[in-house]
Amino acid sequence: MRSFSYRPLFLLPLFCSLCSCALFQKKPETHATGYLADRGVVRIWQHTSSSNYTTLQTLFTPFDGSDESEAIYHWDQDSLVSISKQSLQGPENSFSARFSRQDGTTTFMQQKYATSRQPLTVNELELAKFEAQRVLEVSRDLINGRVELHQGRRLSAQQVEMCDGTLVQFHFTNRENQRLSGLSQQSPAYVAWIEAPEGQQELLMTTRNLCQQQPNYSKK
């Protein structure tokens, strides 16, 4: 008589468990959003991986033309694990801190200037952590409100080539077209705007290549 093997039956629960994990695994999500602040334009990119690791990058462009600044935050699940900030023009000015995922204790912190480095004060560190949480909440609110950031190179009075090469229509005002025409006499003009259920709003017009500032999370 042929013996009957129970091995496949023992493996069945494990196989089903693996299938269930694959079926319900969270898909990576990437969102771009932004808004007009009191002193400038804030552009935000938020990416959450399938393992729930969140990267949030912000770019702040002041209205007065002073240095742009960048901030990058990382969360593992709901735990803030790192903060880095830097000025993108002018003298070097950067800030970085890392935290333990287990208990949130600080494992590294440093403020770096053009000619010196120094540790952060307790108040500076707590303020940075508070700001990280505030930015995350703002980003989530904007995403939930379906406020989407778009940016690309202006081709004509009503047409923009997006950073991915897609051609889209944007209804520039006469004043915006005049400014963009003036900018494009020297070099290509780039524009950033937001779209929401309420309509469109222009955020930024510049000769800087905004597409080079846009992070690429397509492979993450």
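Student: Looking at Arg146, does this residue count as buried or exposed?

Tutor: Keep in mind that we're working with a predicted model. The relative accessibility of Arg146 comes to 57%, and the cut-off for exposed is over 50%. That value is past the cut-off, so Arg146 counts as exposed.

Student: Okay, and what is phi of Arg146 near?

Tutor: Start with where we are: Arg146 sits in the loop between H2 and E9. Its phi is positive, although Arg146 is a residue other than glycine. The value is near 60°.

Student: Which loop holds Asn52?

Tutor: Asn52 is another residue other than glycine with a positive phi, near 65°. To place Asn52, look at the strands on either side of its loop, which are E2 and E3. So you'll find Asn52, which is partly exposed, in the loop between E2 and E3.

Student: What is the relative accessible area of Asn52?

Tutor: Buried would need under 20%, and exposed would need over 50%. Asn52 falls in between, so we call it partly exposed, and its relative accessible area is 23%.

Student: Let's move to strand E10. Which of its residues point to one face and are buried?

Tutor: E10 covers residues 159–162, and its side chains alternate along the strand. Gln159 and Glu161 point to one side and are not buried. Facing the other way, and buried, are Val160 and Met162.

Student: Which residue in E10 is the bridge partner of Ser156?

Tutor: Strand E9 runs from 148 to 156, and E9 pairs with E10 in the antiparallel sense over four bridges. A hairpin of two residues joins E9 to E10. Across that pairing, the partner of Ser156 is Gln159.

Student: And in E11, which residue is the bridge partner of Val160?

Tutor: E10 also pairs with E11, residues 167–169, in the antiparallel sense over three bridges. In the hairpin of E10 and E11, four residues lie between the strands, and Gly165 there takes a positive phi near 95°. The partner of Val160 in E11 is Val168.

Student: How many bridges are there between E6 and E7?

Tutor: Let's come at E6 from its E5 side first: E5 and E6 are antiparallel, with five bridges, and Ser82 stands opposite Arg98 of E6. E6 also pairs with E7, residues 106–113, where Gln111 is the partner of Phe95. That E6 and E7 pairing is antiparallel too, and its bridge count is seven.

Student: In the hairpin of E6 and E7, which residue takes a positive phi?

Tutor: This hairpin has six residues between the strands. The residue to look for has a phi near 80°, and it's Gly104.

Student: Now the pockets. Which element gives the largest share of the lining of the largest pocket?

Tutor: About 800 Å³ of space lies in the largest pocket. Its lining has 32 residues, with Arg39, Phe60, Ser69, Lys85 and Glu131 nearest the centre. Strands E2, E3, E4, E5 and E6 each give two or more residues, as does helix H2 (122–144). The largest share, seven residues, is from H2.

Student: How many charged residues are in the lining of the largest pocket?

Tutor: Sort the lining by class: 15 residues are nonpolar and eight are polar. The charged ones number nine.

Student: What volume does the second largest pocket have?

Tutor: The second largest pocket is lined by 19 residues, and those nearest its centre are Thr30, His31, Ala32, Trp45 and Leu149. By class, the lining splits into nine nonpolar, seven polar and three charged. E9 gives the largest share, four residues. The volume is about 430 Å³.

Student: Which element gives the most to the largest nonpolar core?

Tutor: The largest nonpolar core has 31 residues, and Leu56, Tyr73, Trp75 and Ile83 have the most contacts inside it. Several elements give two or more residues, including E2, E3, E12 and E13. With six residues, the top giver is H2.

Student: How many residues are in the other core that lies apart from it?

Tutor: Met162, the buried residue from E10, belongs to that other core. Ala189, Trp193 and Met205 are also among its members, and its residues number nine.

Definitions and conventions
Residues are numbered from 1 along each chain as its sequence is written. This is a predicted model: local features need pLDDT of at least 70, side-chain atom pairs count only at pLDDT 80 or more; totals for chains, interfaces and linings use all residues. Side-chain values use heavy atoms; hydrogens and water are left out. Buried means under 20% relative accessible area, exposed over 50%, partly exposed in between (1.4 Å probe, protein chains only). Two strands pair if DSSP finds at least two bridges between them. On a 1 Å grid over the protein atoms alone, a cavity is a set of points where a 1.4 Å probe fits but cannot get out, and a pocket is an open set with protein on both sides within 12 Å along at least five of seven lines; lining residues have an atom within 4 Å of a point. Grid points are joined across faces, edges and corners, and a volume is the space filled by probe spheres set on the points. Ala, Val, Leu, Ile, Met, Phe, Trp, Tyr, Cys and Pro count as nonpolar, Asp, Glu, Lys and Arg as charged, and the others, Gly among them, as polar. A nonpolar core is a set of buried Ala, Val, Leu, Ile, Met, Phe, Trp, Tyr and Cys residues joined through side-chain atoms within 4.5 Å.
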